Amino acid sequence: MAYWGGGGAGGWSGGIGGQRGGRGAQVDMTNRRGIDGWDYDELGKVYDTALIGRLIPFITPHKWRAIIALIATVTLSITSYAPPFIMALALERIIDAVAADTPESLDQAVADTQFYGLLLVGLAALMFVAAMVQRLMTGYIGHHLLRDLRSMMFGHLNKLSLSFYDREEVGRIMSRVTSDVVTLQELMTSGFLNVLSDILGLTIIIIAVYLLDPVLATVSLAVIPFLFIFMVVWQRYAARAFIRVRQAIAIVNANINENVSGVRVVQSMVREETNLEHFDNLNEQNRQMNLDAAKLQASVMPLVEILSTVATIFVLLVIGLRAFDGALTGAEAGSLALGFTLYIQRFFNPVRDIVLQYTMLQRAMAGAHRIFEVLDTEPEIVDPPGATVLDDVEGRVDFEHVKFSYIEGVPVLRDFDLHVEPGESIALVGHTGAGKTSVTALVNRSYDIQGGRILVDGHDLTTIERASLTRRMSVVLQEPYLFSGTIRENIRYGRLDASDEDVENAARAVGADEFIEQLNEGYDTVLHERGQNLSVGQRQLISFARALVAEPRILILDEATATVDTHTEQIIQRALATMLKGRTSFVIAHRLSTIRSADRIVVMRAGEIVEIGNHDELMAADGVYADLYRMTFTQAGSEDVLTEEAASARR
Amino acid sequence: MMFASIFALVGASALTIAAPWLTGYAIDTGLGVVTSINLSGDEVTTVEGDWGTLWVAIGLLAAAAVGRGAFVYAQTYLAERLGQTMAYDFRNDIYERLQRLSYAYHDKAEIGQIMSRATQDVEGVRMFVNMGVIRFAYVIVLVAVSYGLMISTNAKVGLVAFAFVPLVAIQASIVTMRLRPIWLGIQDLQGQMANVLQENLTGQRVVKAFSRTEFEQQKFDAKVDDLFHESYRTARFQAFNEPFLQGVWLLSLAVVFWVGVIEIRAGNMTAGQLTAFQLYLTLMQVPVRSIGFIINIFARAHSAGARVFEIVDARSPVEERDDAEPLEVARGEVRFENVSFHYDADSPVLKSVDITAEPGQTVALLGPTGSGKSSVVNLLPRFYDPSEGRILIDGQDVRDVTLDSLRTNIGIVQQDVFLFIASIRDNIRYGRPDATDEEVIAAAKAARIHEFIESQPDGYDTWVGERGTTLSGGQRQRVAIARTLLLDPKVLIFDDSTAAVDMRTEFLIQEALRNLMRGRTTFVIAQRLRTVMEADQILVMRDGEIVEQGQHDNLLEAGGFYRQIYDLELRDQDEAAASVLAEGGVD
């Protein structure tokens, strides 16, 4: 399963201003990473009162079902562990009755046989009902719990701001929502009841054997502590061995996955031999880990059976001692032998389960801890109470002395001051790391700023209901990101109530209609995962249509043409004029014609505006912009460029 | 190993079966609990055993337990070993095959499909060997002999006990067979849920930009809801079946006990025998129920095995000839003679293409998407084979030389640069694992990426990919250039279809490229005007044919298809350059 985990983290997450959140606030989730970037398989504390306390509210809505499940569990334990006792009792009475050989005793024997036989049959029926009820109840509670927990986590994750996503790997978050909740659910339903039923079972066995015969009971129960010790020691090794197995196979699968994804490079670089050697190594390691685990696994049953045979032998010896002395009648000896050998056979299961559940408890606690880690992460950006709802957006944007950093102490924008009129188009120019993307990310309040104010139509962003703002604002990113579903659904993502006509108009306006209509299913073509069945250019055209269908007043294009092919770029270039017309826009682009056509060009360096003006003004000024502009077409300054890239990467 | 596991299997089953019998023997003969008819015709139960017999019985019991332990251990371990070794071989075979299969295969195959074969299907086959073959034999022997013993001890009670076997086995098989599709359905739903989740998380910027949180929540809730209903349906189904099987088993204990007691009373059975029967039934519970499980494994292994062999047996259309010689490249002349190519018969991709690239020349390929540019460069290293015509490097047909020597002599920088999850150093020396650090650094310098690498906290040991530094497209491309430089190929293929990168990156790539192309015969799929202008030949392609051929100036004058492309896609760059020149901006 690990092979798809985190596979989708590419693209935007590391791309913000080229600065990957590395240090800082994320102490919580940075440790304990496994080999594939996921959380380590680990064992937590067995019992954590605080955690348990937080879990109880999830059960309360189902308390009646829980109580019924509890009753069913008790019934189940009694019905599964009582029969040997009844059989021993019955056998003794019947053998005695037969031995006495009087008409009354024979009648009694017939009656006894019927009575005990029916009792056992009745127990079988009761067991069936109890087991069924228990499973129905725990199934219901458990799956409900899964649904509620997952839905809750999903909702919470969506409230978290982008800074959370900048520093967390998707695979890790995924595993918390998909697998950790399952461990927790198992613990809270079957896990808990199993432990209960095992403890009950052991208790019943102990009571029953003491009722049958205290001396024999003591003798046979003497093996239980050994059984426990053996299982606990075994479990310690086994848990580790199984974790190693999981890691080994994860590495093997990751390697296959990587090699298939990169098969073109492998073949062109003639790496087949080397790779196979490496893989063979990993594959062999995996086999070895599995065999180590197999040895442990294979050792359980033999040792358990030897222990139970020891108990059986002791029982037989003691019965022999007393029977040969005449202290026991034949009936007693026979029935005791039957009852005890059957009970000895049943010791093992509850003991093993309790030990296994102990490990599960540890894992569940670790899982619960990770789940609450997510749920406890405070959303950084929330609408204030009584937030202003914007009915419409005119498109004025003011940055007033904005200070901003992703990581404390590493400023990205310093005293950024910019006032944009409605309908004005602004081109942001500057090197990677200059803070261009940050400016665009702040307009829709993806992050909160540390100083100054940002106003839209004169309202401070922190006082506006965010959804009412983004309703009239669209973004096109460098990497087109599409969702599974049809092309139509993807375009409609920009405005959910857009009619089919609106969708098609938007597609036409950006020039996406041409290729869409050539597809067999047209607008109803289903996209594979993230639109892999379309070219990057085609995906970007769809995300342009998606942006346009929202009828935005403010439009942000963040290197939107950087990864598309020239053909698509031409289409987009042609559509750009209509798209930008009458809209406030922030454009980050490399294409000179795009930059030139902006109303104003903002040249940024190290989080500050160094120049501002239109193309002609800036060329005339012969400053940073003119230098940048020239650089594309000259070979001068190679060393400068290299050091500059290195310098901005270092930041 | 096969022999050893069969031996262990036989030993384990024999001694497993012996245990209840020995316990019964110990009770009946050792203790001598005997119900007999005395002289006056009355039944009496007496203890007639003696220490000697009891010790013998106990000794046998102990020996059997130890022996059985050893056999069971050996049997379990050997079965696992057999299965694991087989899975190991399969994985190696699959890996090897996948690496050797040509592009034609990988174009069609989906990675998810391949992965599920290499993981779940291999696991299915392993389970079959381990659980299916070996375990099945064990279960069959155990069940047959145990019930055989019971029936021969007391036919009436034995048959009553046996009556439950088909009932349990059939019910268990039906359940597992019916559960399988349901489980697959649930797995599918889980996949869908994970997909929505993953898309939401990776697309968080888009979700936030459009404030689609509520919409996403609805999508997700719909999936978890489906999952709930489907899982609960399964739970209800199992809630009946599992208890039913348990109940039937307990019922069989009860009925056997009942009938057994009647038989004891009639003097046809002993207490020890009844105990043995109960022990047999307890012992048989798991094996009998596992018959259903095993049948399911058979069904699964059947399809899994077929899918695994589909990969292992897949034949690559590009095969090396048996008498292939290593390629000798002295000059680096490349000729395409009358080359045609198609993926499937009715849609030709290349039609009778002739190309001659003189040693050291740069050949630029230009044309719209689907015109056949990529096919030209993919045929050269034999990622595909032409349907007609031939391709020669220094006079040697590429199909007559060894694949390794061919590909080592051809360096390729793909458009979509794939880097491996490893350090930058290892990525650069991917094609030459024995390259020294100095060589790696020299290549990185020539590729104009050295300074950037040095600026990283761990320098050349910085990890790239999933868990490491995220490189920009331009940086990845330069790493790929360094990687290719290190190989020092005579012939070079550069697929450069990315439109615009930032000006600085563009500049650096140009420089790196110039270093790379020096002295090599180069095929470039070009988008940058500069590259096209500097090429020795420009091949303009449309619909699989070369429609124009020449150099920039004369093609521009000719006013054909090249002119069109220039006007639409390249002029912008040219004008910008011109305006810079006009302003006297060049130092």
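In the predicted model, R335 of chain B stands opposite L392 of chain B, a residue of strand β6(B). This pair belongs to a wider contact in which strand β3 of chain B, covering residues 334-342, is joined by five bridges to strand β6 of chain B, covering residues 388-393, and the two strands run antiparallel. In general, the strands of a sheet pair through backbone hydrogen bonds, in either a parallel or an antiparallel manner.

Strand β6(B) also pairs with strand β7 of chain B (residues 396-397), again in the antiparallel sense, over two bridges, and here I393(B) stands opposite Q396(B) of β7(B). The two strands form a hairpin with two residues between them, and in the turn D394(B) has a positive phi of about 45°. Taken together, four strands of chain B make up an open sheet in the order β4-β3-β6-β7, with antiparallel pairing. Because β4 (348-357) and β7 of chain B each have a single partner strand, they stand at the edges, and one side of each is left without a neighbour in the sheet.

A contact between helices links the two chains. Helix α11 of chain A (residues 272-324) and helix α2 of chain B (residues 51-100) have axes that come within 8 Å and cross at roughly 165°. Since angles over 145 degrees count as roughly antiparallel, α11(A) is therefore described as roughly antiparallel to α2(B). The crossing in which α11(A) passes α2(B) is right-handed, and the residues of this contact divide into 26 nonpolar, 14 polar and 12 charged.

How values were computed:
Residues numbered from 1 in each chain as written. Chains lettered and ligands numbered in written order. Predicted model: local features only at pLDDT ≥ 70, side-chain atom pairs only at ≥ 80, totals over all residues. Pairing = 2+ DSSP bridges. Axes fitted to C-alpha atoms, helices over the stretch in contact; angles between N-to-C directions. Parallel < 35°, antiparallel > 145°, perpendicular 65-115°, else oblique. Left-handed = near helix turned anticlockwise from the far one by under 90°. Nonpolar A, V, L, I, M, F, W, Y, C, P; charged D, E, K, R; others polar.
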